[in-house]
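Here is a briefing for a reader who is meeting this structure for the first time. Please look over the sequence and the model, then read on.

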Amino acid sequence: VAAVPFHGENQAGILPEPQPYSVVLAANAIAGSRAELADLFRTITDRARFLTAGGDPDPVGITAPATDSGTLGSTIPAGGLTVTLGVGASLFDDRYGLQSRKPTRLDVMTPFPDDDLKPEWCHGDLSLVVSAPERDTVLHAVRDIARNTRGGMQFAWRQDGFVPPPRPSGAPRNHFGFKDGTSNPDVRDPGTMKRLVWAASDDQPWTAGGSYQVVRLIRMLVEFWDRISVGEQENLFGRARATGAPLDGTVEGDVPDYSRDGTGKVIPLTSHMRLANPRTDDTDDSRILRRSHSYDAGLDTNGNLDLGLVFVCYQQDIARQFVATQTRLDGEPLSDYISPFGGGYFFALPGVRNQSDYLGRRLF
Ligand code: HEM
């Protein structure tokens with residue numbers, strides 16, 4: 001698999017469709033000073049730069065510990081790896097003297113009415129999203145970054161995600177059997193990305209090229225879900241299960257026309273997609289770029305399947321976009337079948353421009 005270029009104006013893992021395997025991690029900084037924190041960011045950058053390009057690990061002497069885990073063989077393949085680093089609001093408390101540098105639109109996530117947040121699954125000074133087409137590539141990178149950053153940060157929570165292949169085409173299906181990811185802002189249109197995804201020009205100057213990242217860990221109660229009819233399921237989303245088409249259309253790519261269905265006879269007013277994006281002029285700038293993965297965490301303590309969504313979205317302004325969207329969704333009928341239990345708000349740093357640049361350099 002070809003290397004994803006590491007250097008650029010933006011981090012490379014933000015715009016592309018989610019890769020087949022991801023690990024989403026939150027970490028807390030334990031660096032002893034601002035200089036050590038900058039060292040941590042330099043180290044993460046160096047490791048990500050090496051791992052995404054691939055190559056031979058540094059040689060070692062006879063008795064020193066191996067420099068690489070060896071899980072990908074002696075030469076590291078580039079493997080389509082991306083590493084996306086974000087910072088949480090807590091990094092800007094008084095520990096590192098960065099209070100005045102906090103991205104303008106970064107706050108700590110607060111609970112929504114249908115949330116059941118578990119403290120051990122929430123927030124963090126840092127977020128790390130590591131993705132690749134193969135699972136061992138992802139785990140190798142996570143392990144490499146962990147061993148090279150000991151003393152600088154400590155992982156707090158982790159959820160592994162995957163994206164299944166399209167069945168049979170179009171967006172991949174989530175655990176509820178519905179195509180998920182069909183309607184998203186067009187990432188090929190730089191004007192749209194500038195307006196909806198990248199930090200605004202009136203934000204902190206160092207944030208240019210970065211994006212606000214929302215992570216939500218959402219359990220999907222598949223046992224309940226499997227007891228209702230397909231028709232009921234389709235009304236909850238507003239789309240057909242088999243094709244992914246909006247209920248007023250025939251194919252997945254059809255755009256719903258709510259103006260012809262003002263009372264919600266065809267696409268219920270309370271359907272997830274209609275509430276999430278009502279397609280009105282005044283809600284247009286609340287659109288978000290969704291980059292979610294499914295998770296499979298085995299069984300819960302009652303023996304039920306622990307399946308869900310690692311919901312990730314990127315935006316220019318969390319309040320204007322994610323919070324506005326989630327607020328429209330509060331109390332939606334779908335909320336009986338899902339349960340958000342974790343996540344956090346982060347700012348995904350600007351890209352690394354060249355060999356001498358590093359993630360967050362302009363922050364320090
Ligand atoms: C659309 C599932 C959570 C925002 C959709 C669609 C599905 C879906 C099947 C329709 C297909 C598509 O356009 O992708 C789910 C599930 C969730 C979940 C199973 C939880 C487990 C969320 C959350 C948000 C959100 C937390 C944001 C607060 C959206 C948006 C759309 C969408 C903006 C596109 C609507 C449009 O443009 O027509 N979701 N979703 N979803 N969802 Fe979700």
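The notes below go from the whole chain to the ligand site, then to empty spaces and backbone details.

This is a predicted model. The chain has 7 helices and 9 strands. A ligand with an iron atom is bound, and His272 is the single protein donor to that iron. The structure also holds 2 cavities of 30 Å³ or more.

**Overall form**

- The chain has 364 residues, and a compact globule of that length would have a radius of gyration near 21 Å. The chain itself has 21 Å, so it agrees with the globule rule.
- Along the principal axes, the C-alpha atoms fill a box of roughly 70 × 45 × 40 Å.
- The secondary structure consists of 7 helices and 9 strands.

**The iron**

- Which residue donates to the iron atom of the ligand? The donor is His272, through its NE2 atom, at 2.0 Å. The protein gives the iron no other donor.
- His272 sits in helix α6. That helix spans residues 272-276.

**Around the ligand**

- The ligand is surrounded by 25 residues. The closest are Gly181, Ser183, His272, Asn277 and Arg290. His272 thus appears both in this closest group and as the iron donor.
- Gly181 places a backbone N or O atom 2.6 Å from a ligand oxygen atom.
- Thr182 also has a backbone N or O atom facing an oxygen atom of the ligand, at a distance of 2.9 Å.
- Ser183 uses its side chain instead: a polar atom there lies 2.5 Å from an oxygen atom of the ligand.
- Which elements give two or more residues to the shell? They are β5 (211-220), α6 (272-276), β8 (305-315) and α7 (319-329).
- Helix α7 supplies the largest share of the shell, with 4 residues.
- By class, the shell has 12 nonpolar, 8 polar and 5 charged residues.

**Enclosed cavities**

- How many cavities of 30 Å³ or more does the structure hold? There are 2.
- The largest cavity has a volume of about 80 Å³. Its lining is made of 14 residues. Nearest its centre are Pro5, Phe6, Gln11, Ala12 and Val83.
- Nonpolar residues number 8 in the lining of the largest cavity, and polar residues number 6. Charged residues are absent from that lining.
- The second largest cavity holds about 30 Å³ of space. Among the residues that line it are Leu51, Leu72, Ile76, Pro77 and Ala78. Leu81, Thr137, His140 and Ala141 line it too.
- Which helix gives the most to the lining of the second largest cavity? Helix α2 (residues 135-148) does, with 3 residues.
- The lining of the second largest cavity has 7 nonpolar and 2 polar residues. This lining also has no charged residues.

**An open pocket**

- The second largest pocket has a volume of about 390 Å³. It is lined by 20 residues, and those closest to its centre are Glu9, Lys194, Trp198, Ala199 and Gly209.
- What classes of residue line this pocket? The lining has 9 nonpolar, 6 polar and 5 charged residues.

**Backbone details**

- The peptide bond from Arg167 to Pro168 is cis, and its omega is near -5°. Pro168 belongs to the loop between β4 (153-162) and α3 (190-196).
- His123 is not a glycine, yet it has a positive phi of about 65°. His123 is found in the loop between β2 (82-88) and β3 (126-132).

Methods
Residues are numbered from 1 along each chain as its sequence is written. Side-chain values use heavy atoms; hydrogens and water are left out. A residue is near a molecule or strand if one of its heavy atoms lies within 4 Å of it. A polar contact is a pair of N or O atoms within 3.5 Å; within protein, one must be able to donate a hydrogen and the other to accept it, and residues adjacent in sequence count only if both atoms are side-chain atoms. Ala, Val, Leu, Ile, Met, Phe, Trp, Tyr, Cys and Pro count as nonpolar, Asp, Glu, Lys and Arg as charged, and the others, Gly among them, as polar. Donors are N, O and S atoms within 2.8 Å of the metal (3.2 Å for Na, K and Ca); water is not among the atoms, so sites may look incomplete. On a 1 Å grid over the protein atoms alone, a cavity is a set of points where a 1.4 Å probe fits but cannot get out, and a pocket is an open set with protein on both sides within 12 Å along at least five of seven lines; lining residues have an atom within 4 Å of a point. Grid points are joined across faces, edges and corners, and a volume is the space filled by probe spheres set on the points. The radius of gyration is taken over C-alpha atoms; the globule rule is 2.2 Å times the number of residues to the power 0.38.
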